[in-house]
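Here's a short set of exercises to work through with the model open in your viewer. Try each task before you read its solution.

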Amino acid sequence: MDFVVIFFLVCGLVFFTGGAVGILRFPDFYSRLHPAGKLDTMGSLLMMGALSLYNLHHFTLGNMLTSLKIILIVAFVFLSSPTAIHGIVDAGMRAGLGPWTKGDRRR
Amino acid sequence: METLFLFVSLYLCLIMVLSLYRGIFGPTVLDRLIGVNAVGSKTVVLLILIGLIYERVDMFVDIAMAYAMLNFIAVLAASRYFQKRKGLYKEMK
Amino acid sequence: MDDREIRNTMRQQRESDESDSLSASLPERGGVPASIVTFFILFSLWIVLSGRFDLFHLTLGVLSCVIVTLFSRDLLFPEPRARGLLGAWIRFVSYVPWLLYQIFLANLHVLYLSFHPRMMELIDPQIVRFQSKLRKDLSLVTFANSITLTPGTITVYVSLDGDFSVHAIDEKSREGLPGEMEDRIARAFGEQ
């Protein structure tokens, strides 16, 4: 079981790294939102799943409740992260920032 | 296993520094908001890792849940606040 | 921003139509009262979050859940009676694994893009507009959240009539746009 936990942890770290590199490299803030919001969501799903699995090593009622709470956090992140992204996009649209198209300079 | 968790959390801190670059030097306010949001979503995982290292997960998981909610509400409130500002566009030039 | 104003007036018209039809069909029977369902959802959440099973904490939970249910009765279910809840729940849960698989595939694509050395030539961000055939509020919200969760696409604007504006990052994520996901959501929420 330890191998499964380590595998999921490393996969989550790869997704988090991709998110951080993407935030630095993409040209404008609409395209930066793609790695920021979603690779982070996927990474936290994988890492939290691995941690809740590791937490079930000693199977007691308290440990099961704690793992359930971790899964609840993941569900909350999956609901709230698109909403936060949509809020940021909406703010940019109302301020009148146009999206970056091919051939513009980096912002 | 504790050593592995320690190294994983150190690596997470390193990635958080990368995201913090966008939070400090981002050209517009919204870029800074993206950076802060990315740091916050990594902090939730980091809190649970700290709980596993100190073997007090049942306490730290509540803190992580409260932090996730606080991160969501902070981003939403900040983006709603800056919607009414006209200064977003000028800052780029 | 002219089209946004037009959309706003359209939305107001649609809302007034809806309220007329709602008041016409008020007396309905069958199903469970929605406040009881809300109470049980809140109480199961209380049990998971508190983790104590003695009499004092359970009484506290029942009291606070009743108070919250009284205050926010029409927040979770707009109608006073919930019908066909179990079937809708099963259909929604069977939609989730497909969504997770789709999110995983699309995440790999964005991961490839963000590590690619010549990323600036690969991406071509554009805003796509299309008209969706979904009608219910809940299915529109689920569709918008699913579009945002599959990487490469972000919902920029949704109107109540189903006009979507989507920011897509490259050709590959743009071509699959309304596509299969809309059909699956329509099936999961009992439209069509």
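Among contacts in chain A between residues at least 6 apart in sequence, 70% link residues at least 24 apart. Keep in mind throughout that this is a predicted model.

**Exercise 1. Sketch the fold of chain A: how many helices and strands does chain A have, and what share of its residues is buried?**

Step 1: count the elements. Chain A has 3 helices and 0 strands.

Step 2: put them in order. Starting at the N terminus, you read α-α-α.

Step 3: check the burial. Chain A has 107 residues, and 61% of them count as buried.

**Exercise 2. Do the same for chain C: what is the pattern of elements along its sequence?**

Step 1: chain C has 9 helices and 5 strands.

Step 2: walking along the sequence gives α-β-α-α-α-β-α-α-β-α-β-β-α-α.

Step 3: of the 192 residues in chain C, 38% are buried.

Step 4: look at the contacts. For chain C, 70% of the contacts between residues at least 6 apart in sequence join residues at least 24 apart.

**Exercise 3. Describe the interface of chain A and chain B: what area is buried there, and which three residues of chain A supply more than any other three?**

Step 1: list who touches whom. On the chain A side 41 residues make contact, and on the chain B side 43.

Step 2: get the area. About 3900 Å² is buried between the two chains, with carbon and sulfur atoms giving 79% of that. A:Leu24, A:Tyr54 and A:Ile88 supply 13% of what chain A buries against chain B, more than any other three residues.

Step 3: count the polar links. Chain A and chain B share 7 residue pairs in polar contact.

Step 4: find the elements involved. In chain A, helix H1 (2-25), helix H2 (29-55) and helix H3 (61-95) each bring at least two residues to the side that touches chain B. H3(A) gives the most, with 16 residues.

Step 5: sort that side of chain A by class. You get 24 nonpolar, 9 polar and 8 charged residues.

**Exercise 4. Track down the salt bridges: how many cross the interface of chain A and chain B, and which residues form them?**

Step 1: start with the idea. Side chains of opposite charge can pair when their charged atoms come close.

Step 2: count. The rule finds 4 salt bridges across the interface of chain A and chain B, and the count over all chains is also 4. Three of these pairs, among them the one in the next step, are worked through here.

Step 3: take B:Lys42 and A:Asp40. Their closest N and O atoms are 3.3 Å apart. This pair runs from helix H2 (residues 29-54) of chain B to helix H2 of chain A. Both partners are buried.

Step 4: take A:Lys69 and B:Asp62, whose side chains meet at 3.3 Å, N to O. A:Lys69 sits in helix H3 of chain A and B:Asp62 in helix H3 of chain B, so the pair joins two chains. A:Lys69 is buried at 8% relative accessibility, while B:Asp62 is partly exposed at 35%.

Step 5: take A:Asp90 and B:Arg80, at 3.6 Å, N to O. A:Asp90 belongs to helix H3 of chain A and B:Arg80 to helix H3 of chain B, so this pair joins two chains. A:Asp90 has a relative accessible area of 5%, so it counts as buried. B:Arg80 comes out at 43%, so it is partly exposed.

**Exercise 5. Decide whether B:Ser79 is buried or exposed, and say which residues it contacts.**

Step 1: locate it. B:Ser79 is in helix H3 (residues 57-83) of chain B.

Step 2: apply the cut-off. Buried means under 20% relative accessible area. B:Ser79 is at 1%, so it counts as buried.

Step 3: list its contacts, leaving aside neighbours within four places in sequence. B:Ser79 touches A:Gly87, A:Ile88, A:Ala91 and B:Leu33.

**Exercise 6. Check the cysteines: how many disulfides does the rule give over all chains?**

Step 1: the count is 0 disulfides over all chains.

Step 2: look at two cysteines. A:Cys11 is partly exposed, at 24% relative accessible area. B:Cys13 is partly exposed too, at 36%.

Methods: Residues numbered from 1 in each chain as written. Chains lettered and ligands numbered in written order. Predicted model: local features only at pLDDT ≥ 70, side-chain atom pairs only at ≥ 80, totals over all residues. Heavy atoms only, no water. Contact = heavy atoms within 4.5 Å. Buried area = accessible area lost by both parts, 1.4 Å probe. Polar contact = N/O pair within 3.5 Å; in protein donor to acceptor, adjacent residues only side chain to side chain. Helix = DSSP H or I, 4+ residues; strand = E, 2+ residues; numbered from the N terminus. Nonpolar A, V, L, I, M, F, W, Y, C, P; charged D, E, K, R; others polar. Buried < 20%, exposed > 50% of the residue type's maximum accessible area, 1.4 Å probe, protein only. Disulfide = S-S within 2.5 Å.
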